[in-house]
Amino acid sequence: MPEFVRVARLSDIPPGTMKAVKAHGKEILVANVDGDAYAIGDRCPHLRFRLHNGELNGTVVTCPGHGAGFDVADGGVCNWVTHPAWYKLLMDATFPGILKRGVPSYPTRVEGDDVYVEV
């Protein structure tokens, strides 16, 4: 049964940044977007790169490996592999849209300075 687990202090994650945490054995990325906390899986479903090592622009985190983008609000795919160009062509030809899956998304809540994620 899912439960909310304290994973971080919001003050340790400045707006526009991310932090890798673990909760119940799950690797989770917690992002602070304008004071709101969001949580998604921390591994790109493509080649398992750690997303917290990527860049956060608004609500989109870009995978450091091949440039795929995921929305931290819901884990959805915003863009697929972007580089190198030959690899993008291969991935577009190999993976139909339905297989370009996002990452898990986890409900969050903030109580005071504590960030909780439901896992």
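Modeller: Contact here means heavy atoms within 4.5 Å. This is a predicted model: local features need pLDDT of at least 70, side-chain atom pairs count only at pLDDT 80 or more, and totals for chains, interfaces and linings use all residues. Residues are numbered from 1 along each chain as its sequence is written, and side-chain values use heavy atoms, with hydrogens and water left out.

Colleague: Leaving aside neighbours within four places in sequence, which residues is Tyr116 in contact with?

Modeller: Tyr116 lies in strand β11, residues 114-118. Strands are DSSP runs of E, at least two residues, numbered from the N terminus. Beyond its sequence neighbours within four places, Tyr116 is in contact with Phe4, Val5, Arg6, Pro107, Thr108, Arg109 and Glu111.

Colleague: How far apart in space are Tyr116 and Val7, C-alpha to C-alpha?

Modeller: In sequence, 109 residues separate the two. In space, C-alpha to C-alpha, Tyr116 and Val7 are apart by 5.7 Å.

Colleague: Is Tyr116 buried or exposed?

Modeller: Buried means under 20% relative accessible area, exposed over 50%, partly exposed in between (1.4 Å probe, protein chains only). Tyr116 has 16%, so the class is buried.

Colleague: Over which rings does the charged end of Arg109 sit?

Modeller: The test asks for NZ of Lys or CZ of Arg within 6 Å of the ring centre and within 35 degrees of the ring normal. One centre is 4.3 Å from the charged end of Arg109, that of Phe4. Another is 5.3 Å away, that of Tyr116.

Colleague: How many aromatic pairs are there?

Modeller: Rings of Phe, Tyr and Trp (its six-membered ring) pair if their centres lie within 6.5 Å; planes under 30 degrees apart are stacked, over 60 edge-to-face, the rest tilted. By this rule the count is 0.

Colleague: Why is there no bond between the sulfurs of Cys44 and Cys63?

Modeller: A disulfide is a pair of cysteine sulfur atoms within 2.5 Å. Both residues count as buried, Cys44 at 1% and Cys63 at 4% relative accessibility. The sulfur of Cys63 is the closest cysteine sulfur to that of Cys44, but it is too far for a bond because the distance is 3.9 Å.

Colleague: Which are the edge strands of the open sheet β5-β6-β7-β8?

Modeller: Two strands pair if DSSP finds at least two bridges between them. The 4 strands of this sheet pair in the antiparallel sense. Pairing on one side only marks the edge strands, β5 (55-57) and β8 (77-79).

Colleague: Which residue in β7 stands opposite Val61?

Modeller: β6 (residues 60-62) and β7 (residues 69-71) pair in the antiparallel sense over 3 bridges. Opposite Val61, in β7, stands Phe70.
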